[in-house]
Amino acid sequence: MTHKSTTEQTISVQQAIESRHSIRQFIQQPIHQQDIENIFKLVRLSPSAWNLQPWRFHVVTDVDLKKKLEEAAYGQKQVTSAPAVIVVTSDMEDVLANIADTVHPGLSGERKEEEVANLSAFFNGMSVEERGQWGLTQTNIAFGILMTAVQGYGYASNPMLGFDQEKVRELLNLPKHVLFAGILPIGKPNGEGYPHHRFDIEKIVKFH
Ligand SMILES: Cc1cc2nc3c(=O)[nH]c(=O)nc-3n(C[C@H](O)[C@H](O)[C@H](O)COP(=O)(O)O)c2cc1C
């Protein structure tokens with residue numbers, strides 16, 4: 001990765017959403033480090049219940065590791081075609097171990113303690129698996145924003161869940177409680193994706 005940003009022009013959120021298609025072939029050029037940082041500056045603003053922010057990201061650019069990720073993804077070629085692959089994970093146990101970090105600094109000491117006690121009691125009433133799944137629903141919000149941010153900075157991506165999670169866990173040395181929202185190969189697109197095929201508004205939206 002180099003250290004200069006490529007992105008002089010910004011596009012609207014509407015343009016980013018409309019222009020995003022899954023891209024599975026990328027131009028062989030590294031992602032600029034500044035762009036990666038700018039993308040994550042946006043992603044970290046994603047909302048989550050109680051502001052717990054359980055998402056954790058692994059940016060993989062190492063060629064050998066990408067090869068192994070591709071094998072874990074049943075040989076899907078976009079993994080090694082992409083200059084970077086972002087593995088989107090959710091770690092609720094890390095959140096709970098550092099729960100005071102999630103409480104807004106503007107709160108008084110007493111309110112902070114109360115908040116920490118309430119959150120700890122709520123999540124201690126759940127199993128590791130249950131709260132892991134709860135955290136994953138939050139992490140998926142950041143996954144969506146990540147795709148839009150990537151597009152906004154002039155890159156393309158392909159969200160993926162087609163991979164052997166235990167193999168990827170092993171490759172990144174992640175503990176059992178860490179869950180996967182998906183992996184996201186990113187890079188400058190080489191070619192176009194498929195045209196959008198989506199349900200009509202009438203099918204997915206009801207007005208009451
Ligand atoms: C959570 C998730 C998992 C996906 N897994 C894969 C995958 O493993 N391999 C793949 O080629 N595409 C995968 N896709 C891409 C979808 O097929 C694609 O998003 C969908 O067909 C809509 O097309 P579009 O992304 O071009 O708009 C996945 C998409 C999502 C959101």
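## Sheet, ligand shell and a few odd residues

User: What makes the order of the four-strand sheet, and how are its strands paired?

Analyst: In this predicted model, the open sheet has four strands in the order β1-β2-β4-β3, with antiparallel pairing. β1 (55–60) and β3 (156–157) are at the edges with a single partner strand each, so one side of each has no neighbour in the sheet.

User: How do you know that β2 and β4 are paired?

Analyst: Count the bridges. Two strands pair if there are at least two bridges between them, and strand β2 (residues 84–90) shares seven with strand β4 (residues 179–187), in the antiparallel sense. For instance, V87 has I183 in β4 as its bridge partner, and S90 has L179 in β4.

User: And what makes β3 and β4 a pair?

Analyst: The cut-off is at least two bridges, and two bridges join β3 to β4, so the pair qualifies. These strands run antiparallel as well, and A156 stands opposite G187 in β4.

User: Why is β4 called largely enclosed?

Analyst: Buried means under 20% relative accessible area. Nine of the nine residues of β4 are buried, so the rest of the structure largely encloses that strand.

User: Why is R131 called buried?

Analyst: Its relative accessible area is 9%, and the cut-off is under 20%, so R131 counts as buried. R131 sits in helix α7 (residues 128–152).

User: What makes R131 and M126 a polar contact?

Analyst: A polar atom of the R131 side chain is 3.3 Å from the backbone oxygen of M126, and the limit is within 3.5 Å.

User: Why is W50 called partly exposed?

Analyst: W50 has a relative accessible area of 42%. Buried is under 20% and exposed is over 50%, with partly exposed in between, so W50 goes in the middle class. W50 is in the loop between α2 (33–43) and β1.

User: Why is Y74 called exposed?

Analyst: Y74 comes in at 59%, and exposed means over 50%, so the label follows. Y74 is in the loop between α3 (63–72) and α4 (78–81).

User: What makes the phi of W50 worth a look?

Analyst: Most residues other than glycine have a negative phi. W50 is not a glycine, yet its phi is positive, about 55°. Y74, also a residue other than glycine, has a positive phi near 55°.

User: On to the ligand. Which residues are the closest to it?

Analyst: The closest are S22, R24, Q76, G162 and R198, and 13 residues surround the ligand. That shell divides into three nonpolar, seven polar and three charged residues.

User: How do you know that Q76 makes a polar contact with the ligand?

Analyst: An N or O atom in the Q76 side chain is 2.8 Å from a nitrogen atom of the ligand, and a polar contact needs a pair within 3.5 Å. R20 passes too, with a side-chain N or O atom 3.0 Å from a ligand oxygen. At P159 a polar backbone atom is 3.0 Å from a ligand nitrogen.

User: How much of the ligand does the protein bury?

Analyst: Alone, the ligand exposes 620 Å², and the protein buries 63% of that.

User: How do you know where the Nitroreductase domain is?

Analyst: That comes from UniProt, where an unreviewed entry lists "domain: Nitroreductase" at residues 17–188. Over residues 17–188 the chain is 48% helix and 14% strand, with the end C-alpha atoms 16 Å apart.

Terms used. Residues are numbered from 1 along each chain as its sequence is written. This is a predicted model: local features need pLDDT of at least 70, side-chain atom pairs count only at pLDDT 80 or more; totals for chains, interfaces and linings use all residues. Side-chain values use heavy atoms; hydrogens and water are left out. UniProt positions are given in the numbering used here, feature names are shortened, and annotations may be inferred rather than shown by experiment. A residue is near a molecule or strand if one of its heavy atoms lies within 4 Å of it. A polar contact is a pair of N or O atoms within 3.5 Å; within protein, one must be able to donate a hydrogen and the other to accept it, and residues adjacent in sequence count only if both atoms are side-chain atoms. Accessible areas come from the Shrake-Rupley method with a 1.4 Å probe; for residues, only the protein chains shown count as cover. Ala, Val, Leu, Ile, Met, Phe, Trp, Tyr, Cys and Pro count as nonpolar, Asp, Glu, Lys and Arg as charged, and the others, Gly among them, as polar. Buried means under 20% relative accessible area, exposed over 50%, partly exposed in between (1.4 Å probe, protein chains only).
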